[in-house]
Amino acid sequence: MQLSEQANISCMVKGGIFDDAKTWDFVFGFLMIASLGACGISQGAESVEERDTLAVDDSTLTEEGDDADAEAVQEAEEVSSETTGTAPNEQAVGDAGVFDLENGMVLLNSGYEMPILGIGCFRLSQSQAEDSVYWALRDGYRLIDTARIYGNEEGVGRGIQRAIDEGICTREEIFVTTKMWTDDFGDGDAAIDASLSRLDLEYIDLMILHHSQPSNDVEAYQAMERAVEAGKLKSIGLSNYYEPEDFDRLVDATTITPALLQNETHPYHQSTVMKEHIAQYGTVMESWFPLGGRGNTQVLFDDETISSIATEHGKTSAQVILRWHLQAGNIAIPGSSNEAHIQENFEVFDFELTEDEMQRLTALDKDQRFAGY
Ligand SMILES: NC(=O)c1ccc[n+]([C@@H]2O[C@H](COP(=O)([O-])OP(=O)(O)OC[C@H]3O[C@@H](n4cnc5c(N)ncnc54)[C@H](OP(=O)(O)O)[C@@H]3O)[C@@H](O)[C@H]2O)c1
């Protein structure tokens, strides 16, 4: 299948023709296989050692003792943080990737802090996304995951605005992720502006390429690098890179190290090889399908190990799985359009899995993916 055919399908998806789970699985599987088949592998140039892992521009720093300049810089930073969000934490970048379970945060290699538990918006309509995002923010979530291809960025933006208008949170307290779809890789600059406009935001905390696409993902990533320079994006990363060589191909050909890799990850597919591989870059793993994905969750919920640990803690299987993600060092973004589920999924900071329980859950890994792409 040619890329133009993918574009047609994507338009149909965006238009809301595909609503049911099976069709979504089919479409995404189809697109993924077609993308991989249509593209060749390109080679990168730089070595890992040559790379700068920081996306921090320190060109405005002043010398010690220059009070006037220091004041000016402070003022500029205050203004900048009002208009473009929290400034990166440069001192602590050495701790990138270490999960703070007390505060529910992780420091990215970009210098920005990111919440480790969020709301996912895959398969939510515009109005469902608006409600889910609003409920999540009201319940204490501060991380939101959407994508251009989900067709609900406007709804996400409205949910955020509702929460801000009600004084639940400020823009700076929220971490918004969206993804650039493969059809848009040829004009990444326009894709970024379009997402900003649909979300109705001045900046996006994290943008990731939705899938590996060797024919032009480097070009798309470079557009995101330019947007970091321009202050439109804070951090950038990748999604659906399942081979270390493929991840390195992108990394070696670009300048800013990916802050995050978002791959299908759950107790039956623990992404161990990729997690170990990306750790050398200070890149963190984020789990999509953290509960197995729509239509598959019951398989995990009914797993004897998971359900028995849940009973021991007086928690649900979903909560045990989510707690496992966090203790294992995976950012989790469970998707839901159900108000009660959204609340339940955030109640995972009041208990802890023992080492033995973590080992029993780790032993469930079967390298089994639920998605067909
Ligand atoms: N990068 C990618 O290619 C990619 C691919 C897929 C997903 N994602 C992202 O990852 C997020 C998570 O994946 P996902 O939403 O597909 O799958 P998921 O989070 O593993 O599972 C979502 C399913 O779990 C149910 N659920 C949620 N909480 C529950 C609870 N406490 N008890 C019982 N059922 C519960 C939801 O139903 P209810 O609505 O009824 O709660 C829904 O059917 C997505 O929303 C999206 O943001 C990214």
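Q: Is Ser271 buried or exposed?
A: This is a predicted model, in which local features need pLDDT of at least 70 and side-chain atom pairs count only at pLDDT 80 or more, while totals for chains, interfaces and linings use all residues. Residues are numbered from 1 along each chain as its sequence is written. A residue is called buried if 20 or more other C-beta atoms, placed from the backbone, lie within 10 Å of its own, exposed if 12 or fewer, and partly exposed in between. Ser271 has 22 other C-beta atoms within 10 Å, so Ser271 is buried.

Q: Which residues does Ser271 touch, leaving out those up to four places away in sequence?
A: Ser271 sits in the loop between β9 and α9 (272-279); helices (H or I, at least four residues) and strands (E, at least two) are DSSP runs, numbered from the N terminus. Contact here means that the C-beta atoms of two residues, placed from the backbone, lie within 7 Å. With residues up to four places away set aside, Ser271 touches Asn263, Thr265 and Met285.

Q: How many Å separate the C-alpha atoms of Ser271 and Asp365?
A: Along the chain, Ser271 and Asp365 are 94 residues apart. In space, their C-alpha atoms are separated by 9.0 Å.

Q: Is Glu243 buried or exposed?
A: You will find Glu243 in the loop between β8 and α8. Its C-alpha atom is 8.6 Å from that of Val273, a residue 30 places away in sequence. Because Glu243 has 12 C-beta neighbours inside 10 Å, it counts as exposed.

Q: What is the strand order of the open sheet of 8 strands?
A: Two strands pair if DSSP finds at least two bridges between them. The pairing in this sheet is parallel, and its edge strands, each pairing on one side only, are β4 (119-120) and β11 (330-332). The order is β4-β5-β6-β7-β8-β9-β10-β11.

Q: In β5, which residue is the bridge partner of Ile119?
A: β4 and strand β5 (residues 143-145) run parallel and are joined by 2 bridges. The partner of Ile119 in β5 is Ile144.

Q: How many residues of strand β8 are buried?
A: Strand β8 spans residues 233-239 and is mostly covered. On one side, 5 bridges join it in parallel to strand β7 (residues 204-209), with Ser235 of β8 as the bridge partner of Leu206. Its count of buried residues is 7 of 7.

Q: What is the handedness of the β-α-β crossover from β7 to β8?
A: From β7 the chain passes through helix α7 (residues 217-229) to reach β8. A crossover is right-handed if, with the strands pointing away from the viewer, the path from the first strand over the helix to the second runs clockwise. This crossover is right-handed.

Q: Which residue in β9 stands opposite Leu238?
A: β8 also runs parallel to strand β9 (residues 260-264), joined to it by 2 bridges. Together with helix α8 (residues 244-252), β8 and β9 make a right-handed β-α-β unit. Opposite Leu238 stands Leu261.

Q: At about what angle does helix α6 run to β6?
A: Helix α6 (residues 188-199) lies across β6 (175-180), β7 and β8. Axes are lines fitted to C-alpha atoms, for helices over the stretch in contact, and angles run from 0 to 180 degrees between N-to-C directions. The angle of α6 to β6 is about 140°.

Q: Which helix gives the largest share of the largest nonpolar core?
A: A nonpolar core is a set of buried Ala, Val, Leu, Ile, Met, Phe, Trp, Tyr and Cys residues joined through C-beta atoms within 7 Å. Of the 85 residues in the largest one, Leu108, Leu117, Val133, Met207, Met224 and Ile236 touch the most other members. The largest share, 7 residues, comes from residues 317-328, helix α12.

Q: How is α11 oriented to α12?
A: Helix α11 (residues 304-313) and α12 pack with their axes 8 Å apart, at an angle of about 100°. Residues making this contact include Ile306 and His313 of α11 and Val320 and Ile321 of α12. Angles under 35 degrees count as roughly parallel, over 145 as roughly antiparallel, 65 to 115 as roughly perpendicular and the rest as oblique. Therefore α11 is, relative to α12, roughly perpendicular.

Q: Which residue in β3 stands opposite Val106?
A: An open sheet of 3 strands has antiparallel pairing in the order β1-β2-β3. Within it, 3 bridges join strand β2 (residues 105-107) to β3. Opposite Val106 stands Met114.
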